[in-house]
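Student: Please take a close look at one part of this model and describe it in detail. Then connect it to what lies elsewhere in the chain.

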Amino acid sequence: MPIWQGAGRRIHMQEVGLRDGLQMEKAFVPTADKIALCNALSDAGLSKIEVTSFTSPTAIPALRDAEIVLREITRRPGTLYTALVPNLRGAERAIESRTDELNLVMSVSATHNLANLRMTREQSFAVLAQVAALAQGAGVAVNVSLSCVFGCPFEGDVPDADVLGWVQRFADLGVSGITLCDTTGMAYPTQVRQVTKAARARWPGVEFTLHFHNTRGMGLANVLAGIDAGASRFDTSLGGLGGCPFAPGASGNVCSEEVVHALALMGYDTGVDLAQLIAAAQRLPALIGHDVSSQIAKAGPRLALHPVPAGFDAIRERALAR
Ligand code: COA
Ligand code: ZN
């Protein structure tokens, strides 16, 4: 059986490389290349693709071509195309561009929300409540990504009561999904298990996604802890790109092909074709002008075997003659 066809529990892979990844890159990836990359990711079988963000082009110049990208990609049945939206202007642009889902963003940390979005949390919430109503009226799905759930680079740990309070307020708006984001890689497995269990028990009707950055090398361990606690949706990024430009020390998301590779070996069904995903990741260095952190794009899957060393027959004969 090919390595990518795990037969076990379904884990939904949600690709964020085109948004979380490219927003952090100095190079402007040409629009046609973004479209081609998105199409390759659709072909590889991702459940959801965050195609871009409808943010201020001054704040995030790398994604200033959001409308064209969403208009020109090929939409595969079975993949949901989402985009990050911080405000009403972004929501109008995203709905106009026929985005399947709006991914609303705010931070549970007061300081990070001001640094990233230039609003207080109350101001963000008020705006996003209007955005949710607009989207719901237009028949467009709404997910909310809450930044800094597992820690804030300015404030440290955000009190559980704050985190749960913001989840409650969005759940009350009737959003279909909530993403718990570890914006700067501060999450650790025991914390992930506890937060995931608590959230799932308290809001069984909400679809939770976990979003980890590998900043401190705990990304894959956190994914596995999340799965143990019942999570089945993960944001991951091709090549391990990613990071918030307004969070100091931010670095790449947990890497899509590394997660797919590990989960397939463990028998989970990700629905993703690993070979196609690796091929897509191998395109990245030419597009962004530097190497990527992905171990799997470099090493290949576990059973990508190598030829024996030169002179191997002689080595064997010599050994057998001893
Ligand atoms: N799309 C396009 N342009 C937008 C916009 C949007 N969603 N929101 C605001 N703008 C434009 C305004 O029209 C205005 O343009 P002008 O200067 O030509 O008049 C300018 O941006 C400033 O608008 P304002 O409402 O004052 O925004 P701001 O400067 O307070 O910034 C945000 C607020 C949220 C728009 C901005 O900080 C942002 O886009 N942040 C994105 C953060 C992000 O994506 N972080 C990484 C992901 S977590
Ligand atoms: Zn992120």
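**The zinc site and its surroundings**

Tutor: His211 has a relative accessible area of 2% and is therefore buried (buried is under 20%, exposed over 50%, partly exposed in between, with a 1.4 Å probe and protein chains only). This is a predicted model, in which local features need pLDDT of at least 70, side-chain atom pairs count only at pLDDT 80 or more, and totals for chains, interfaces and linings use all residues. Residues are numbered from 1 along each chain as its sequence is written, chains are lettered from A and ligands numbered from 1 in the order in which they are written, and side-chain values use heavy atoms, with hydrogens and water left out.

His211 is a ligand of the zinc ion (ligand 2): its NE2 coordinates the metal together with NE2 of His213 and OD of Asp20, at 2.0 to 2.2 Å. Donors here are N, O and S atoms within 2.8 Å of the metal (3.2 Å for Na, K and Ca); water is not among the atoms, so sites may look incomplete. The donor residues follow the spacing D-x190-H-x1-H in sequence. His213 also counts as buried, because its relative accessibility is 3%. Asp20 has a second role, since it is linked with Arg19 and Glu50 in a network of salt bridges (a side-chain nitrogen of Lys or Arg within 4 Å of a carboxyl oxygen of Asp or Glu).

His211 brings us to β7 (207-212), one of the elements against which the buried residues of helix α9 pack. The others are β6 (177-182), α8 (189-202), β8 (233-236) and α10 (256-265) (contact means heavy atoms within 4.5 Å; helices are DSSP runs of H or I with at least four residues, strands runs of E with at least two, numbered from the N terminus). In α9 (residues 219-228) the buried residues are Gly219, Asn222, Val223, Ala225, Gly226 and Ile227. Just after this helix, Gly230 takes a positive phi of about 105 degrees.

Asp228 of α9 makes a salt bridge with Arg193, their closest N and O atoms lying 3.8 Å apart. This pair joins distant parts of the chain, with Asp228 in α9 and Arg193 in α8, 35 residues apart. Asp228 counts as exposed because its relative accessibility is 56%, whereas Arg193, at 29%, is partly exposed.

The whole structure holds 12 salt bridges. Another of them joins Arg75 to Asp100, with 3.6 Å between the closest N and O atoms. Here too distant parts of the chain are linked: Arg75 is in the loop between α3 (66-72) and β3 (80-85), Asp100 in the loop between α4 (88-96) and β4 (101-107), and 25 residues separate them. Both ends are partly exposed, Arg75 at 24% and Asp100 at 30%.

The cysteines are unpaired, as the search of the whole structure finds zero disulfides (a pair of cysteine sulfur atoms within 2.5 Å). Cys181 is buried at 4%, and its sulfur is too far for a bond because the closest cysteine sulfur, in Cys148, is 8.8 Å away. Cys38 is buried at 0%; its closest cysteine sulfur, in Cys255, is 18 Å away and so too far for a bond.
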